[in-house]
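Visitor: I am new to this structure and should like to be guided through it. May we proceed by question and answer?

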Amino acid sequence: MDQRRLGNDGPMIGAIGLGCMSFAGFYGPTEAAESHRTLARAHELGVTHLDTAELYGRGVSEQVIGDFLRDHPHRFSIATKGGIVLEPKRHFDNSRDRLRSSLEGSLKRLGVDHIDLYYVHRREQERPVEEVVETLAEFVREGKIGGFGFSEIAPSTLRRAAAVHPVRAVQSEYSLWSRMPELGMIEACWELGTAFVAFSPVARGMFADTLPDPSGFGDMDFRRNNPRFQEPNFSANCRLVEQFNRYAVSQGTHPATLALAWVLRHGSHVIAIPGTRSVGHLEQNAAAGSLDLNDAQLAEIDRLLPRGFAHGDRYSDKQIIGIERYC
């Protein structure tokens with residue numbers, strides 16, 4: 001597994017991490033034992049970075065990880081997120097008191113007194129980002145977090161934040177079908193010594209060996225109301241993705257492995273955090289950490305799936321609230 005640094009001053013971690021949203025049932029029913037098997041296998045494969053959030057199952061994902069860590073301490077670098085409040089109505093709160101309360105709750109559920117990375121899950125637009133950075137820097141000085149980051153922000157916001165204190169990571173959706181970070185964010189992260197962490201790098205399951213079936217999505221499945229998984233967009237996307245998937249097989253690998261290797265090729269500061277609770281999928285994902293693509297392969301991938309190929313918005317109007325759209 002290729003090793004990459006989590007920001008200029010962060011720890012070295014595997015280039016492929018593990019997104020743990022599925023531990024809370026966002027993509028269908030799950031159980032803790034299955035998640036624990038995934039975590040055990042992740043460590044064996046050199047997947048050393050876990051990404052979770054207070055939001056995931058209202059703490060369920062963090063609790064599942066914490067239960068595992070009690071018997072297997074010091075195995076992973078951990079990132080979690082706060083700043084989204086669900087009640088009485090979903091909103092964003094980046095105040096010092098709210099972020100402190102959220103962080104303390106996360107540390108308790110994880111069963112640790114320090115994490116390597118704490119993200120603001122969604123930026124509260126009414127509050128200056130400089131004020132939020134001062135709060136996060138306070139947590140660093142207290143030793144509760146090693147560094148901090150932001151999820152789904154614009155390059156301009158990153159620059160404002162970094163002018164106050166180094167930002168360890170920015171997390172954004174990035175894959176062959178969601179390429180907006182190429183319009184400034186990946187470059188800004190490199191310039192500022194910030195890790196770029198790609199979530200949903202296998203396009204929410206589109207680059208699996210078998211294409212997803214929307215008719216089987218459960219009520220909690222995030223994709224159920226996502227425009228790219230609704231007709232006629234979904235069928236159009238499948239026709240294009242199937243070409244890529246066949247090409248992956250022709251190269252002696254799996255579609256997920258090839259898609260992740262493509263993401264990692266976009267900078268030595270890029271880290272991918274595909275989510276899964278399946279050991280088989282985890283093994284395919286981890287293989288990307290040692291797969292080098294040549295120029296001919298990259299050109300063919302771009303021919304099969306050119307920029308902007310995806311049909312449908314990446315989020316519904318409801319899902320996109322809180323995300324900074326800079327292009």
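Visitor: Why is helix H8 described as largely enclosed by the rest of the structure?

Guide: In this predicted model, helices (H or I, at least four residues) and strands (E, at least two) are DSSP runs, numbered from the N terminus. Buried means under 20% relative accessible area, exposed over 50%, and partly exposed in between (1.4 Å probe, protein chains only). Helix H8 spans residues 255–264 and is largely enclosed because its buried residues number 10 of the 10.

Visitor: Which helices and strands do the buried residues of H8 pack against?

Guide: The buried residues of H8 include Pro 255, Trp 262 and Leu 264. Contact means heavy atoms within 4.5 Å. The packing partners of these buried residues are the strands E1 (3–5), E11 (195–199) and E12 (270–273), together with the helices H7 (233–250), H9 (279–287) and H10 (295–304).

Visitor: How should the model and its numbering be read?

Guide: Residues are numbered from 1 along each chain as its sequence is written, and side-chain values use heavy atoms, with hydrogens and water left out. As the model is predicted, local features need pLDDT of at least 70 and side-chain atom pairs count only at pLDDT 80 or more, while totals for chains, interfaces and linings use all residues.

Visitor: How many salt bridges are there?

Guide: Side chains of opposite charge can pair when their charged atoms come close. A salt bridge here is a side-chain nitrogen of Lys or Arg within 4 Å of a carboxyl oxygen of Asp or Glu. By this rule, the count is 29.

Visitor: What separates Glu 44 and Arg 41 along helix H1?

Guide: Glu 44 and Arg 41 form a salt bridge through their side chains, at 2.9 Å from N to O. Glu 44 is exposed at 57% relative accessibility, whereas Arg 41 is partly exposed at 26%. Both lie in helix H1 (residues 32–45), 3 residues apart, so the separation is about one helical turn.

Visitor: Where do Arg 160 and Glu 130 lie?

Guide: A salt bridge joins Arg 160 to Glu 130, with the closest N and O atoms 2.8 Å apart. This pair links distant parts of the chain, 30 residues apart: Arg 160 is in helix H5 (residues 155–162) and Glu 130 in helix H4 (residues 129–141).

Visitor: Which residues are linked in a network of salt bridges?

Guide: Salt bridges may be listed as pairs, and one such pair is Glu 87 with Arg 58, at 3.1 Å from N to O. A network of salt bridges links Arg 96, Arg 100, Glu 138 and Glu 142.
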